[in-house]
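Student: I am new to this structure and should like to examine one part of it closely. Would you please take me through a single sheet, together with what pairs within it and what packs against it?

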Amino acid sequence: EILMILIILNVHRKPSGSANVWVSSKEDLVRALLRDKELIGTRYVNVSNANEALEIERKREQTKDRSTYNPKIFTVKLSGLPWSATCEQICDFLFGCEVVDGPGGVKIEMNERGQPSGSAFVQFKTNADAENALKYNKQKLADRYVDMEKMTIEDGEAKESKEDGDTKENKEDREAKENKKDREAKEQNEDENAKEYKIDEEEKEKKEDGVAKENKRGGEAKENNFCIKLSGLARKATQADIFDFLSVGHVKQVGEIVITVNGKGKPSGDGFVKVGSKEDLKVALCLNDTAFGNRRVEVHQVDLAQLEKARKHIFCIKLSCLSRKVKKNDISKFLSDGNVKQVVEIVINVNKDGTPSGDAFVKIGSVEEVKVA
């Protein structure tokens, strides 16, 4: 009876060739070890008892002097957790690792608003359990890949010092802080009228200079540089594929997507995307050197001017079934007679022997002209 199977991923989130399997009894373990050196598909598989190394490490830890035991050494930090993750789910995720007090040994970190920050600290009974937990690095919990990091003694002391700061403060320090808060509150009350007057003046100024301020805000909005460039895309990649890639990577607001073309009117392997915020830009840049289909793409920040430049070269059409005798002038006249006025460049495709293939690619000056064509 198999309880659980965990396929170990490498740093690129692809199968590493190893897996951990939990079975329900020693008899099942013995039967599993008999499958060593047998075939799965076309590969010979090595089957070994992972419990032996773990038990040896645990016994060695238990024989150590208790005075040298420091629980901070056996703490692992988990980052990138789903906000809805519970202590019980985290314990289940770390299957096979002995957590101190079960869910009680899991501390989910909260942000300043009292909500889960996406990080948690887990304390293990032995160093072997902590090392075994690190094998879950880059594994999936719910819909998120989790990063694992072993805490050092210094990290643990710093965290403990931060959490227990209030209990270590003496009475005089607390009183000084309370007095400071009272003074700040008093100053805030004294300045209330002045602030209200200042707000009224600002509102009046906004009404008088409304048009100027709107123009200024519009200019600032144009200066917002939330654009990225994706390089190394497959030629078959579409705008929908790029949208899905960024959405799965937790980019919330994906705007305009531009896939550039080369001189023959075919995709160049580059794409430009405008995202909605600075936070989305940071998240998108974290996707650099990650898998996109069967290729790895580069993601870099670019300025708005590069996106606009790329946009100018995307208006391209393809003409098929042309006569081999057709020349560029014939294509230009054909489009001109059809009220297509902004023909930028015409490329007639040829076969390997240099003869026309019957296809041609035309760059056009605007999207409106493309619709006419």
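Tutor: A definition is needed before the sheet can be read: two strands are said to pair if DSSP finds at least two bridges between them. The model is a predicted one, and the part to be examined is an open sheet of five strands.

The order of the strands across this sheet is β11-β12-β10-β14-β13, and their pairing is antiparallel. The edges are formed by β11 (254-261) and β13 (290-292); each has a single partner strand, so one side of each is left without a neighbour in the sheet. On average, neighbouring strands are turned by 35° against each other, direction ignored.

Let us now turn to β10. Five bridges connect β10 with strand β14 (residues 295-302), and the two pair in the antiparallel sense. Within this pairing, Lys-229 stands opposite His-300 in β14.

Two helices pack on the sheet. Helix α10 (residues 239-248) touches β10, β11, β12, β13 and β14, and its direction makes about 135° with that of β11. Helix α11 (residues 278-285) also packs on the sheet, where it touches β10, β12 and β14; the direction of α11 makes about 145° with that of β14.

Lys-229 deserves a second look, for it also takes part in a salt bridge with Asp-270, in which the closest N and O atoms are 3.8 Å apart. Lys-229 belongs to strand β10 (residues 227-231) and Asp-270 to strand β12 (residues 267-275), so this pair ties together parts that are 41 residues apart in sequence. With a relative accessibility of 23%, Lys-229 counts as partly exposed, because the partly exposed class begins where the buried class, under 20%, ends.

This salt bridge may be set beside others, since a search of the whole structure finds nine. One of them joins Lys-333 to Asp-337, with the closest N and O atoms 3.0 Å apart. Both of these residues lie in helix α13 (residues 328-337), four residues apart, which is about one turn of the helix. Lys-333 counts as exposed at 54% relative accessibility, and Asp-337 is likewise exposed, its relative accessible area being 53%. A further salt bridge is made by the side chains of Asp-147 and Lys-138, at 2.8 Å from N to O; here Asp-147 counts as partly exposed, at 31% relative accessibility.

For context, other strands of the model may be described in a similar way. Strand β5 (residues 75-79) runs antiparallel to strand β7 (residues 116-123), and four bridges join them; Val-76 stands opposite Val-122 in β7. Strand β6 (residues 106-110) is also joined to β7 by four bridges, again antiparallel, and the bridge partner of Ile-108 in β7 is Ala-120. Five residues lie between the strands in the hairpin of β6 and β7, where Gly-114 takes a positive phi near 80°.

Finally, the nonpolar interior. The largest nonpolar core has 24 residues, of which Leu-78, Leu-94, Phe-124 and Met-148 touch the most other members. Among the elements that each supply at least two residues of this core are β5, β7 and α3 (87-93), and α3 gives the most, with three residues. Apart from this core lies another, of 19 residues, which include Leu-246, Val-251, Ile-259 and Ala-284.

Terms used:
Residues numbered from 1 in each chain as written. Predicted model: local features only at pLDDT ≥ 70, side-chain atom pairs only at ≥ 80, totals over all residues. Heavy atoms only, no water. Salt bridge = Lys/Arg side-chain N within 4 Å of Asp/Glu carboxyl O. Buried < 20%, exposed > 50% of the residue type's maximum accessible area, 1.4 Å probe, protein only. Axes fitted to C-alpha atoms, helices over the stretch in contact; angles between N-to-C directions. Contact = heavy atoms within 4.5 Å. Core = buried A, V, L, I, M, F, W, Y, C linked by side-chain atoms within 4.5 Å.
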